[in-house]
Amino acid sequence: MAEGAYAVGLAHAEAVDAEAISIHDRWIADRRHGSMEFAERYRDIRNDPRLLLDGARTIVSAAFNYHHVSADYGVAEYARGTDYHIVLRDRLGRAAAAIEAALGGTTRVCVDSAPIRERYWAQKSGVGFIGINNHLIIPGAGSRFVLGEILWTGEARPDEPCLLSCGKCMECVKRCPVAALRPDGSCDTSRCLSYLTIEHRGDLPDDTGLHGRVFGCDICLNACPHNAAAPLSGIEEFAPSPTLASYLDALRHGAAPSVSFRAATRSTALTRLPLHRLLRNLGIKG
Ligand code: SF4
Ligand code: SF4
């Protein structure tokens with residue numbers, strides 16, 4: 001696959017369908033998005049990606065495998081190596097330049113940098129389906145993937161959407177320790193440990209606890225039978241950072257880390273977290 005993507009699919013750039021819009025609107029209206037006010041903004045763009053690139057006709061969705069075997073030290077697996085935004089921006093940037101050079105038109109790369117519904121478009125372009133746990137599931141490969149998109153003004157034949165679904169499984173709903181997931185696939189993000197450890201500022205709610213999570217949560221992802229035999233990633237940048245692991249280990253055991261917070265988190269997604277919130281998540285008084 002181009003630039004190391006595990007799966008790639010194409011969809012027509014067009015308005016998002018009414019059902020997907022109403023699901024998102026309900027989630028916002030019910031205040032299940034916690035303090036993530038950005039989820040309320042750019043509704044028009046989120047519902048029509050053509051507003052992101054003048055003349056966009058095609059959306060290329062690409063899934064990159066981040067699965068490396070490593071110990072779980074409370075950091076979600078996708079965040080243990082180099083920040084995927086850096087990795088995918090590079091790779092999709094090169095792919096977009098190659099598309100323009102070979103086929104003409106203009107492109108725009110999106111890696112969580114624009115309000116585009118990435119799982120929706122990945123499903124539309126046949127890459128996978130959206131599970132009850134809200135992850136994109138690639139049939140036969142699971143959901144240990146990060147997604148990026150290339151908007152393109154050129155026209156290409158779209159792939160068939162992926163029409164699979166979870167059926168009656170519900171393992172993720174049963175295993176979520178804070179009852180954030182519901183059987184209809186809606187998620188009370190304000191309770192979700194991924195949100196609480198990464199996005200939530202201030203004190204943590206009394207009724208949830210963090211269940212050992214420090215940055216992100218993989219519990220519903222690990223519960224999913226589709227991930228039982230997930231393929232390993234060949235992308236070296238996603239290999240877990242030993243510096244980060246030993247830094248967190250030292251903090252947990254009350255020892256002095258051998259490197260600074262800045263050095264330990266450099267180039268990882270944990271740069272999004274100020275030190276005082278990392279300490280909060282570890283239960284260490286600042
Ligand atoms: S990420 Fe964790 S807390 Fe959030 S829904 Fe999944 S299992 Fe629950
Ligand atoms: S655990 Fe079951 S219900 Fe949840 S996402 Fe996976 S297949 Fe779907």
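This is a short dialogue on reading features in a predicted model.

Me: I keep seeing aromatic pairs mentioned. How do I read one, and how many aromatic pairs are there here?

Reply: Happy to help! A pair of aromatic rings is described by two things, the distance between the centres and the angle between the planes. The structure holds five aromatic pairs. Take tyrosine 66 and tyrosine 78: the ring centres are 6.4 Å apart and the planes meet at 70°, so this pair is edge-to-face. Planes over 60 degrees apart earn that label.

Me: Where do tyrosine 66 and tyrosine 78 lie in the chain?

Reply: Both belong to the loop between strand E2 (58–65) and helix H3 (84–103), and twelve residues separate them. Tyrosine 66 is buried, since its relative accessible area is 4% and buried means under 20%. There is also a cluster to look for: Tyr66 and Tyr78 join Tyr84 in one aromatic cluster.

Me: Could you show me another pair? What angle do the planes of tyrosine 120 and tryptophan 121 make?

Reply: Their planes stand at 85° and their centres are 4.9 Å apart, so tyrosine 120 and tryptophan 121 are edge-to-face. Tyrosine 120 counts as buried at 10% relative accessibility, and tryptophan 121 is buried with a relative accessible area of 0%.

Me: Which ring has the charged end of arginine 80 over it?

Reply: That is the ring of tyrosine 73, and the charged end of arginine 80 sits 5.6 Å from the ring centre.

Me: Now for helices. How far does helix H1 reach from its first C-alpha to its last?

Reply: A good check is to compare the span with what is expected at 1.5 Å a residue. Helix H1 (residues 18–29) has twelve residues and reaches 16 Å, close to the expected 16 Å. Helix H3 passes a similar check: its 20 residues should span 28 Å, and its end C-alpha atoms are 27 Å apart, which agrees.

Me: Which residues of H1 are buried, and where do they fall around the axis?

Reply: The buried residues of H1 are Ala20, Ile21, His24, Trp27 and Ile28. Looking down the axis of H1, you find these buried residues within an arc of 125°, so they line one face of the helix. On the face turned away from that buried side, H1 carries the exposed residues Ala18, Glu19 and Ala29.

Me: And which residues of H3 are buried?

Reply: They include Tyr84, His85, Val87 and Leu88, along with Arg91 and Ile99. The buried residues of H3 cover an arc of only 150° around the axis, which puts them on the same side of H3.

Me: What about the backbone? What is the phi of aspartate 112?

Reply: Aspartate 112 has a positive phi of about 60° although it is not a glycine. Aspartate 112 lies in the loop between strand E3 (107–110) and helix H4 (118–124), and is partly exposed at 46% relative accessibility. Asparagine 134, also not a glycine, has a positive phi of about 70°. Its loop runs between strand E4 (129–130) and strand E5 (136–137).

Me: Last one: how do the residues around the ligands divide by class?

Reply: Start by listing the neighbours, then sort them. Ligand 1 is surrounded by residues including Cys176, Cys192, Cys217 and Cys220, and its shell has nine nonpolar, no polar and no charged residues. Around ligand 2 you will find, among them, Cys166, Cys169, Glu171 and His226. That shell divides into eight nonpolar, three polar and one charged.

Technical notes:
Residues numbered from 1 in each chain as written. Chains lettered and ligands numbered in written order. Predicted model: local features only at pLDDT ≥ 70, side-chain atom pairs only at ≥ 80, totals over all residues. Heavy atoms only, no water. Phe/Tyr/Trp six-rings, centres within 6.5 Å; stacked < 30°, edge-to-face > 60°. Helix = DSSP H or I, 4+ residues; strand = E, 2+ residues; numbered from the N terminus. Buried < 20%, exposed > 50% of the residue type's maximum accessible area, 1.4 Å probe, protein only. Lys NZ or Arg CZ within 6 Å of the ring centre and 35° of its normal. Near = heavy atom within 4 Å. Nonpolar A, V, L, I, M, F, W, Y, C, P; charged D, E, K, R; others polar. Expected span 1.5 Å × (residues − 1). Arc of directions from axis to C-beta.
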